[in-house]
Amino acid sequence: MGAAVRVRGLVKKFGNFTAVNGLTFDIEEGEIFGLLGPNGSGKSTTLLIIATVYKPTAGDVEVYGHSVTKRPDEVRKLVGIAFQDPKALWVDNPYELLVWHAMVVGYGLLDARRAVREIMEELEIWEHRGKLFSELSGGTRKKVEIAKLFLQKPKVSIFDEPTAQLDVTTKHRVWEMIRALKDEGRTVIVATNDMTEAERLSDRVGIIYKGSLRALGSPAELKDRIPAGDVLELRVDGALGEHVISALARALGTEKLNVSNGTLKAYVNRGEEKAAIAIETLSRLGVRVRSISIKEPTLDDVFFYFTGAQLGEGK
Ligand SMILES: Nc1ncnc2c1ncn2[C@@H]1O[C@H](COP(=O)(O)OP(=O)(O)OP(=O)(O)O)[C@@H](O)[C@H]1O
Ligand SMILES: [Mg+2]
């Protein structure tokens with residue numbers, strides 16, 4: 001499978017301010033791609049360019065070979081987006097809006113009505129179908145917005161922070177619905193600040209910071225790229241002599257070792273391989289290992305490492 005979306009040298013300026021600063025990466029066909037980055041790092045701007053809402057200042061994006069600058073109409077046939085801040089400027093209620101949307105993307109009236117009811121029931125917003133938008137809670141408004149993509153099922157679905165306002169139960173349901181799009185062979189892009197969401201959904205993630213790409217890869221690959229990100233914890237019988245500790249440090253290839261109360265902690269990469277090496281080394285030196293555990297970094301740690309920022313910084 002090739003790339004569904006190719007982002008090449010993408011730049012977006014608002015006046016003098018550069019929101020996207022030369023992004024280049026591919027989103028593979030059939031994957032769920034997570035776009036991560038602190039507030040204001042350019043996630044939504046990038047997604048809005050892929051969806052042809054904004055024009056790039058420089059560079060280009062191709063969706064299945066169609067350029068967003070040269071063939072936006074072709075791109076629009078392939079891409080759908082659920083906006084971060086849904087705005088309904090007209091007075092239709094959610095039901096009418098979704099039926100209208102379904103018909104725009106190709107449903108006949110009866111099918112549209114049936115499909116809209118199904119999706120609204122699945123997202124538990126059927127009871128709100130006749131309300132005015134101004135009467136809806138933030139979470140309900142968001143559900144109406146993402147319902148559009150589950151109706152449309154475009155080849156490339158773009159969700160901008162799909163579950164930011166949703167309760168835990170609904171979050172899990174939406175994650176399942178997003179995975180179902182992938183299982184049907186579609187490509188999904190999800191911008192999120194929620195590392196649990198990113199980890200549960202993404203085959204690969206791209207981390208951007210101030211409009212530039214900082215890291216790209218599967219969550220597991222990125223965890224491995226944090227120097228000494230894994231913590232090996234070993235409990236042994238008896239005291240650990242200096243020679244044992246220095247032999248371990250050599251075998252594990254780390255300087256970062258400390259011992260207290262019969263517990264040795266080693267900060268390493270690829271913890272699972274190193275655990276085997278540690279056991280082997282210690283048994284060769286006649287030290288009995290009582291227990292060993294590996295603590296891997298979380299995606300939060302990955303995020304901090306590659307952005308050097310706390311979530312929420314920048315606004
Ligand atoms: N229409 C606009 N006009 C001027 N500046 C804008 C516009 N849209 C975005 N920006 C600026 O560009 C930067 C990137 O914004 P963007 O919305 O892409 O960030 P984001 O990564 O989606 O952030 P968040 O996590 O808060 O959603 C921000 O500094 C923002 O203020
Ligand atoms: Mg955003």
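In this predicted model, Val 259 stands opposite Leu 264 in strand E13. The two strands involved, E12 and E13 (residues 263–268), pair in the antiparallel sense over four bridges. A further bridge partner is found in E13 for Ser 260, namely Thr 263. E12 and E13 form a hairpin with two residues between them, and in the turn Asn 261 has a positive phi of about 50 degrees.

This hairpin belongs to an open sheet of four strands, ordered E12-E13-E11-E14, with antiparallel pairing. Strand E12 (257–260) and strand E14 (289–295) each have a single partner strand and stand at the edges, so one side of each is left without a neighbour in the sheet. From one strand to the next, the twist averages 15 degrees. On the other side of the hairpin partner, E11 and E13 pair in the antiparallel sense over six bridges, and here Asp 230 stands opposite Val 268 in E13.

Two helices accompany this sheet. Helix H9 (residues 242–252) lies across E12 and E13, running at about 145 degrees to E12. Helix H10 (residues 271–284) packs on the sheet as well, touching strand E11 (230–236), E13 and E14, and its direction makes about 160 degrees with that of E14. In a regular strand, side chains alternate between the two faces of the sheet. E13 shows a covered face made up of Leu 264, Ala 266 and Val 268, while its uncovered face carries Thr 263, Lys 265 and Tyr 267. Two of the covered residues have already appeared in the pairing: Leu 264 lies opposite Val 259, and Val 268 lies opposite Asp 230.

Another open sheet is built from six strands in the order E6-E7-E8-E3-E9-E10, and its pairing is mixed. Its edges are strand E6 (79–82) and strand E10 (212–217); each has a single partner strand, so one side of each is left without a neighbour in the sheet. The twist in this sheet averages 15 degrees from one strand to the next. At the E6 edge, E6 and strand E7 (residues 156–160) pair in the parallel sense over four bridges, with Ser 157 in E7 as the bridge partner of Gly 80. Helix H6 (residues 168–183) packs on the sheet and touches strand E3 (32–36), E7 and strand E8 (187–192). The direction of H6 makes about 150 degrees with that of E8.

Further antiparallel pairing is found towards the start of the chain. Strand E1 (residues 3–14) is joined by five bridges to strand E4 (residues 58–63), the two running antiparallel; in E4, Val 63 is the bridge partner of Val 5. E4 also pairs with strand E5 (residues 66–67) in the antiparallel sense, over two bridges, and Glu 62 has its bridge partner in E5 at Ser 67. The hairpin of E4 and E5 has two residues between the strands, and Tyr 64 takes a positive phi near 45 degrees there.

Helix H4 (residues 109–122) offers a simple check on geometry. At 1.5 Å a residue, its 14 residues should span 20 Å, and its end C-alpha atoms are 20 Å apart, which agrees. The buried residues of H4 are Ala 112, Val 116, Ile 119 and Met 120. Seen down the axis of H4, these buried residues fall within an arc of 95 degrees, so they line one face of the helix. That face packs against helix H3 (94–104) and helix H5 (138–152). Leu 110, Asp 111 and Glu 121, in contrast, are exposed on the other side of H4. Just after the helix, Glu 124 takes a positive phi of about 55 degrees.

Lastly, the surroundings of ligand 1 can be described. There are 13 residues around ligand 1, of which Phe 14, Ala 19, Lys 43, Ser 44 and Thr 45 come nearest. Strand E2 (17–28) and helix H1 (43–50) are the elements that give two or more residues to the shell around the ligand. H1 gives the most, with three residues.

Methods: Residues numbered from 1 in each chain as written. Chains lettered and ligands numbered in written order. Predicted model: local features only at pLDDT ≥ 70, side-chain atom pairs only at ≥ 80, totals over all residues. Pairing = 2+ DSSP bridges. Axes fitted to C-alpha atoms, helices over the stretch in contact; angles between N-to-C directions. Contact = placed C-beta atoms within 7 Å. Buried ≥ 20, exposed ≤ 12 C-beta atoms within 10 Å, placed from the backbone. Expected span 1.5 Å × (residues − 1). Arc of directions from axis to C-beta. Near = placed C-beta within 6 Å.
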